[in-house]
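Here are some quick notes from my look through the model. Have it open alongside as you read.

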Amino acid sequence: MKSFWTRFSYNRGAVIGLVILTLVIATAILAPFLFPQSPWKMVQRPFLPPFTQDGLPLGTDALGRNVLSGLAHGAYVSLLVGLVSTIVALAIGVPVGAAAGYFAGRTDDALMRFTEFFQTIPSFALAIVLLAIFQPSLTFVIIAISIVSWPPVARLVRGEVLSLRTREFVEAASLSGLGNLQIILRHILPNALPPIIVLASLMVAQAILLESSLSFLGLGDPNIMSWGYMIGAARTVIRTAWWLSFLPGMAILLTVLALNLIGEGLNDALNPRLTRKSE
Amino acid sequence: MTLLSIRDLSIALPLGADRLYAAKNINFDLASGEILCIVGESGSGKSMSANAVMGLLPQGVEPDSGSITFDGQSILDLSENELLKLRGSRISMIFQEPLSALNPLMRVGAQISEVFEAHGALTGAERRARALKLLDEVGIPDPEAAIRAYPFQLSGGQRQRVMIAMALALEPDILIADEPTTALDVTTQAQILALIEDLRKKRGMAVIFITHDFGVVADIADRVIVMKKGEIVEAGRAPDVLLNPQHPYTRALIDAIPRLTKTEPVEEVERAPLLKVEGLQKTFSTGSGTLFGKRRVVKAVQDVSFDLYAGETIGIVGESGSGKSTVGRCLVRLLHPDGGRVLMDGVDIAHMSGAELHAQRRKLQMIFQDPFSSLNPRARVSRILTEGMIAYGMPDKEAKAKARELLELVGLDETAMKRFPHEFSGGQRQRIGIARALALEPAIIIADEAVSALDVSIQAQVLDLLAELKERLHLSMLFITHDLRVAARICDRIIVMQKGQIVEAGPVNKVLHDPDTAYTSSLLEAIPGQDYERSLAAANKG
């Protein structure tokens, strides 16, 4: 465990990413306490620029709502969507990939054709279609994002499992009389974990971007303040009040960047042989 | 004439390694036309010393003091660019695993030409002509075809020949060979050794040959250096070191060489065979044979039949690709045999599946070749040992107690239970693998090249352990190996396989000392160090 942290902190970008992400998480958790009022509530005159009024450090938007409060509450939504949809996507992708890789043959063919069916449709278009069919609530946004983002997980897990299942320790486990499920759960998946963790960290970032894009197009949950919605609402006034798009945009940029940096750091820490020549 | 001279060389390891120096106070000279063997167990610093000569030390490992003088230049003071000029043209190197040392996506001819290209020698057409000549010189049949082949299309021995051709391309003064025959089977090994010997004579090239096998040393060395934990413990002319070793470590290494000695014949008792294999068949096919390419069919095992009696050890020997491992895998049902019967206690297990197979499987267990990939790196030893017993319904606590007994049985401490596989050495890992195979109280153990990946001295210990366990637990064993010396040490009967078929079978003393077939004789002749064995035996008598 100690060496894990040494290797992780060896990558300075990853540490910076972790600091940014911690700040975002703290903001998301503290948002209801720092800004107990609804972020939808009008508090001042519209288009108040940042740093002009005490108590409203980032000013107000087109309807006189507190921008800082919106960003804080939006952080909660973004992280929730990112995290939950990634977990759901892993829950679909890992079993599909593991079954395809382990049983090979026809099972593999069937499962991979099914996966390709999803991969051939552009993921953003599919998400839009799904949300047009469902009602736009937070739950369905998460479901739509999960449905479009599990295929890469399945393919990655399949590849890992394919190479692990011919290893001698897996053969030894089957000689010890272990069942297929036990072999997959106890011998194969733990060894396939490092790349899955790295992919998952990048998927959280991807999901946040997807959610923002959907909200930008007005397909998000109309009752929830999110970063994408804020940018979408401010796009008509971008020439007169550019900061209304810029600030949530920066929030998205920093969070996604942080997650990517962390993913890279995790990769260094979990696959030490790939990054440095010798152990 | 001294070509290379190393004085007081010490190579420091990064902090936190198991010792301070990879190699310490190394001194030796190499004259042109001489073969110098560096012998030692893995981790003795023998490869590091050779890599220092090439200026190819891994990151974080640096020469600390001393000097390497090659042809009047001090190698340690050269810049990277000057080293580049030296490498390949004046000093070149061949490695243990030719498959990973060759680029899998490049044709053999292009890889050889690249050596000339890197040093700006010759024109395109000349390079090709030279590549052809080199391939011919290293004894590759049909160089015209080989030059267009990809590495995977060649056999292990041919790949090593290609590596040697590349190393020889610019006519170097020194060839460093790092365990070049360890991954090859005996007959191929003998051919490669003959090739190196021959090239040395023809070209007057000096060779540094790194190995852990004293048999190989006896066959080719002019001088020998024995290394232990980074230090030279003994050095001298080959006959002196081999026949009159001074240092106890050298003596231990020499004693550890498995020998083709005759064993006490076991008395033949009529009894029912424990395992009866009848007409076993297995065919592999690659390519679909429909749209793209021809369907390639390999008959890996053809009509193999034998009986295994209780308390007996049968050795299956043969070159790589002879189908010996496939037989073992079919018996434990890691592969489905295509035909034939495997009768255990009168029941055919060759075509069982599901619950029936589960019930029979525990009687037949396997010890694997590679102690590094046969243990799950993310599982503690206690889980590795107990999970089979738990899968067969033993309560958790009982299984743990049994696992402790097993560890003691194979000579490990019970503190090993809480540790992960990477905390053990190769020999210790193989002991854990043996304990796992014994956990289900099998009647038959199949050992697939179980000691091939180990150093000679460790090999001897593991073989002793297997022999002792067999005696104590009344096991029958099927010992699959390419090394006849190992087979001689542990087996009662020997089956020789070639191209999927049994060519000879019989008691060990008969097969190894009075073989009926030419193939077995050729395998026996290929064993390294036979002249040395004879002179050693003569010295002991006199």
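1. Let's start with B:Ile35: its bridge partner in β8(B) is B:Val207. Keep in mind that this is a predicted model.

2. That bridge belongs to the pairing of β3 (residues 35-39) with β8 (residues 206-211), both in chain B. The two strands run in the parallel sense and share 5 bridges.

3. Zooming out, what order do the strands of the sheet take? Going across, you get β6-β7-β8-β3-β9-β10 in chain B, so to speak an open sheet of 6 strands with mixed pairing. The edges are held by β6 (91-94) and β10 (231-237) of chain B; each has a single partner strand, so one side of each lacks a neighbour in the sheet. As for twist, neighbouring strands are turned against each other by 15 degrees on average, direction ignored.

4. Have a look at helix α1 (residues 46-54) of chain B too. It lies across β3, β6, β7 (174-178), β8 and β9 (223-228) of chain B. Relative to β7(B), helix α1 of chain B runs at about 150 degrees.

5. Now the contact between the chains: 24 residues of chain B meet 14 residues of chain A. On the chain B side, α13 (354-361), β16 (364-367) and α14 (381-391) each supply at least two residues. Which element gives the most to the side of chain B that touches chain A? That would be α14(B), with 3 residues.

6. One last item, on the make-up of that side of chain B: the residues touching chain A split into 10 nonpolar, 8 polar and 6 charged.

Definitions and conventions. Residues are numbered from 1 along each chain as its sequence is written. Chains are lettered from A and ligands numbered from 1 in the order in which they are written. This is a predicted model: local features need pLDDT of at least 70, side-chain atom pairs count only at pLDDT 80 or more; totals for chains, interfaces and linings use all residues. Two strands pair if DSSP finds at least two bridges between them. Helices (H or I, at least four residues) and strands (E, at least two) are DSSP runs, numbered from the N terminus. Axes are lines fitted to C-alpha atoms, for helices over the stretch in contact, and angles run from 0 to 180 degrees between N-to-C directions. Two residues are in contact if their C-beta atoms, placed from the backbone, lie within 7 Å. Ala, Val, Leu, Ile, Met, Phe, Trp, Tyr, Cys and Pro count as nonpolar, Asp, Glu, Lys and Arg as charged, and the others, Gly among them, as polar.
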